[in-house]
Amino acid sequence: MHRLGSGIAGGRLAPAEYEQNFSDLHPRFDKHEALVASDRCYFCHDAPCMTACPTEIDIPLFIRQISTANPLGAARTIFSQNILGGMCARVCPTETLCEQACVRNTAEDRPVDIGRLQRYATDIAMEQNRQFFHRAAETGRTIAVVGAGPAGLACAHRLAMNGHSVVVFDAREKAGGLNEYGIATYKAPDNFAQKEVDYLLAIGGIEIRNGMALGRDFSLQDLAADYDAVFIGIGLAGVNGLGIEGEELSGVDDAVDFIAYLRQAQNKADVPIGRRVVVLGGGMTAVDAAVQAKLLGAEEVTICYRRGKEHMNASEYEQDLAASRGVSIRHWLAPKRILGKDGAVAGIELEYTALRDGHLVGTGETGVIAADQIFKAIGQSFKASGLGALSMEKGRIVVDDQCRTSMERVYAGGDCVNRGEDLTVSAVAHGRDAADAIHLAFASAGQPAVAVA
């Protein structure tokens with residue numbers, strides 16, 4: 001983060017307020033609550049909620065298992081499709097995926113609490129350290145995985161299940177990727193991301209090498225020469241800039257860096273925040289940054305988005321959450337110039353926008369919002385070196401439906417590929433599917449193997 005402006009400081013709240021503000025957003029169901037919630041499920045045949053889930057979890061089955069007091073059976077059902085089901089239960093936009101597809105919406109306009117039921121089951125299994133999957137006999141194959149985020153970890157676990165050895169390379173100090181560094185603190189407190197990594201690694205056969213960056217410490221060609229296959233799951237490392245005057249001022253920060261810094265802070269009171277904060281963007285990152293700025297004690301927090309409410313990537317649920325925390329969301333405003341005083345942010349000039357013939361244009365009318373801190377949350381881009389001649393499209397790696405790239409024995413998944421939405425659950429699906437494809441490729445090449453379900 002940049003050096004601090006005059007209006008940015010830590011310790012704005014009493015210690016008890018920080019603890020309360022960053023406690024669990026939705027505490028886990030107790031047994032009675034889970035039984036009541038599970039009883040609302042119709043256990044549909046060809047359930048639309050399953051189709052809406054990128055990892056295709058058998059949702060009616062795991063909810064039925066909960067309803068019969070079998071949360072461990074439910075956890076096994078979930079983990080068989082999504083080994084990171086615990087984090088997905090916390091951060092997945094269920095309101096636009098499985099829960100939006102729930103048939104309960106038709107009659108009652110309220111879906112089954114699928115996400116919270118999923119958390120109930122997976123939390124119990126993890127707390128009891130119940131391992132449902134074990135390594136098959138060693139195959140002698142070793143696969144390199146680049147990136148210890150959701151895609152890479154899901155790929156590594158499925159490969160280990162099938163008896164392969166996996167070496168995971170990650171540039172950060174901790175494994176977890178987006179789950180460790182990019183999720184709002186109040187959505188996954190109590191170091192849950194690392195607990196989930198530990199649970200996943202318990203299967204054995206997976207080595208993680210931290211502080212190892214593609215393009216700096218090794219290249220794709222190096223890995224292809226040394227390993228039987230390679231999976232790339234490095235996510236989006238680039239942050240889009242505003243390209244306007246004043247962007248270099250103290251107090252202008254990337255929202256993703258702010259979120260990562262806050263998640264790693266041992267004492268939330270040490271995290272500095274402005275009195276008046278403006279967040280630029282309309283996605284989940286913008287909402288997470290804005291809400292947490294408010295929770296840190298900012299007096300005024302405003303999200304400015306260049307289009308309308310209906311165009312925001314953040315779900316309506318997340319927008320409502322921000323509003324409930326005192327965040328003001330203003331639409332049809334595009335940043336024009338950041339105003340400064342003595343080298344620090346003093347405000348931002350914005351231009352009103354409108355849609356004309358389907359194109360977003362400025363109206364020429366401008367206004368100023370006073371601010372001492374501005375967070376940029378206008379999107380991320382894929383940024384990597386050391387990939388050689390991999391085929392790219394629109395700035396991302398081209399893969400087929402089995403996550404194969406243009407280079408033999410090299411696969412990719414997650415946010416770095418041109419497939420699906422940039423969601424944790426989608427990344428898990430890519431990693432899992434790539435692992436299955438790698439395993440089957442070994443089998444077809446003469447490696448005796450039987451896929452482990």
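This is a dialogue between a student and a tutor about reading one predicted protein model.

Student: Where should I begin, and how many helices and strands does the chain have?

Tutor: Start with the overall make-up. This is a predicted model, and its chain holds 17 helices and 19 strands.

Student: What does the radius of gyration say about the chain?

Tutor: The idea is to compare the value with the one for a compact globule. For 453 residues such a globule would have a radius of gyration near 22 Å, and because the chain has 23 Å, the two agree. Along the principal axes, the C-alpha atoms fill a box of roughly 70 × 55 × 50 Å.

Student: What share of the residues count as buried?

Tutor: A residue counts as buried when its relative accessible area is under 20%. In this chain, 54% of the 453 residues meet that description. As for the surface, the chain exposes about 19500 Å², and carbon and sulfur atoms supply 46% of that area.

Student: How are the contacts spread along the sequence?

Tutor: Take the contacts between residues at least 6 apart in sequence: 71% of them join residues at least 24 apart.

Student: How many charged side chains are there, positive and negative?

Tutor: There are 44 positive and 57 negative side chains, and the centres of the two sets lie 1 Å apart.

Student: Which domains does UniProt list?

Tutor: An unreviewed UniProt entry places "domain: Dihydroprymidine dehydrogenase" at residues 20-129. In the model, that span is 59% helix and 0% strand, with its end C-alpha atoms 28 Å apart. The unreviewed entry also lists "domain: FAD/NAD(P)-binding" at residues 142-431. This span is 25% helix and 30% strand, and its end C-alpha atoms lie 16 Å apart.

Student: Could we look at single residues now? Is Glu99 buried or exposed?

Tutor: Relative accessible area settles such a question. Glu99 has 12%, so Glu99 is buried. Its place is in helix α7, residues 98-101. Beyond its neighbours within four places in sequence, Glu99 is in contact with Thr94, Asn105, Pro111, Val112, Asp113, Ile114 and Gly115. As an example of separation, Glu99 and Ala371 are 272 residues apart in sequence and 38 Å apart in space, C-alpha to C-alpha.

Student: And where does Gln319 sit?

Tutor: Gln319 belongs to helix α16, residues 316-324. With a relative accessible area of 4%, Gln319 is buried. Leaving aside neighbours within four places in sequence, its contacts are Lys309, Met312, Ala314, Ile329 and His331.

Student: How do I read a whole helix, and why is α12 described as largely enclosed?

Tutor: First, a general point about geometry. An α-helix has 3.6 residues a turn, so residues three or four places apart point the same way. For enclosure, count the buried residues. In helix α12, residues 192-201, 7 of the 10 residues are buried, so the helix is largely enclosed by the rest of the structure. Those buried residues are Phe192, Ala193, Gln194, Glu196, Val197, Tyr199 and Leu200.

Student: Which backbone angle stands out at Asp190 and Asp109?

Tutor: Look at phi. Asp190 has a positive phi of about 60° although it is not a glycine. Asp190 lies in the loop between α11 (178-181) and α12, and is exposed with a relative accessible area of 59%. Asp109 likewise has a positive phi of about 60° without being a glycine. Asp109 is found in the loop between α8 (104-108) and α9 (114-127), and is exposed at 66%.

Student: What does Ile397 touch?

Tutor: Ile397 lies in strand β18, residues 396-397, and counts as buried at 0% relative accessibility. Not counting residues up to four places away in sequence, Ile397 touches residues including Ile232, Phe382, Leu387, Leu390, Thr405, Ala412, Cys416 and Asn418.

Student: Asn418 is on that list. Where does Asn418 lie?

Tutor: Asn418 is in the loop between β19 (410-412) and α17 (424-444). At 30% relative accessibility, Asn418 counts as partly exposed. Aside from neighbours within four places in sequence, Asn418 is in contact with Glu393, Arg396, Ile397, Val398 and Val399. The C-alpha atoms of Asn418 and Leu390 are separated by 13 Å, and these residues are 28 apart along the chain.

Methods. Residues numbered from 1 in each chain as written. Predicted model: local features only at pLDDT ≥ 70, side-chain atom pairs only at ≥ 80, totals over all residues. Heavy atoms only, no water. Helix = DSSP H or I, 4+ residues; strand = E, 2+ residues; numbered from the N terminus. Rg over C-alpha atoms; globule rule 2.2 N^0.38 Å. Buried < 20%, exposed > 50% of the residue type's maximum accessible area, 1.4 Å probe, protein only. Contact = heavy atoms within 4.5 Å. Areas by Shrake-Rupley, 256 points an atom, 1.4 Å probe, with all protein chains shown as cover. Lys, Arg positive; Asp, Glu negative; His and termini not counted. Charge placed at Lys NZ, Arg CZ, Asp CG, Glu CD. UniProt positions renumbered as here; feature names shortened; annotations may be inferred.
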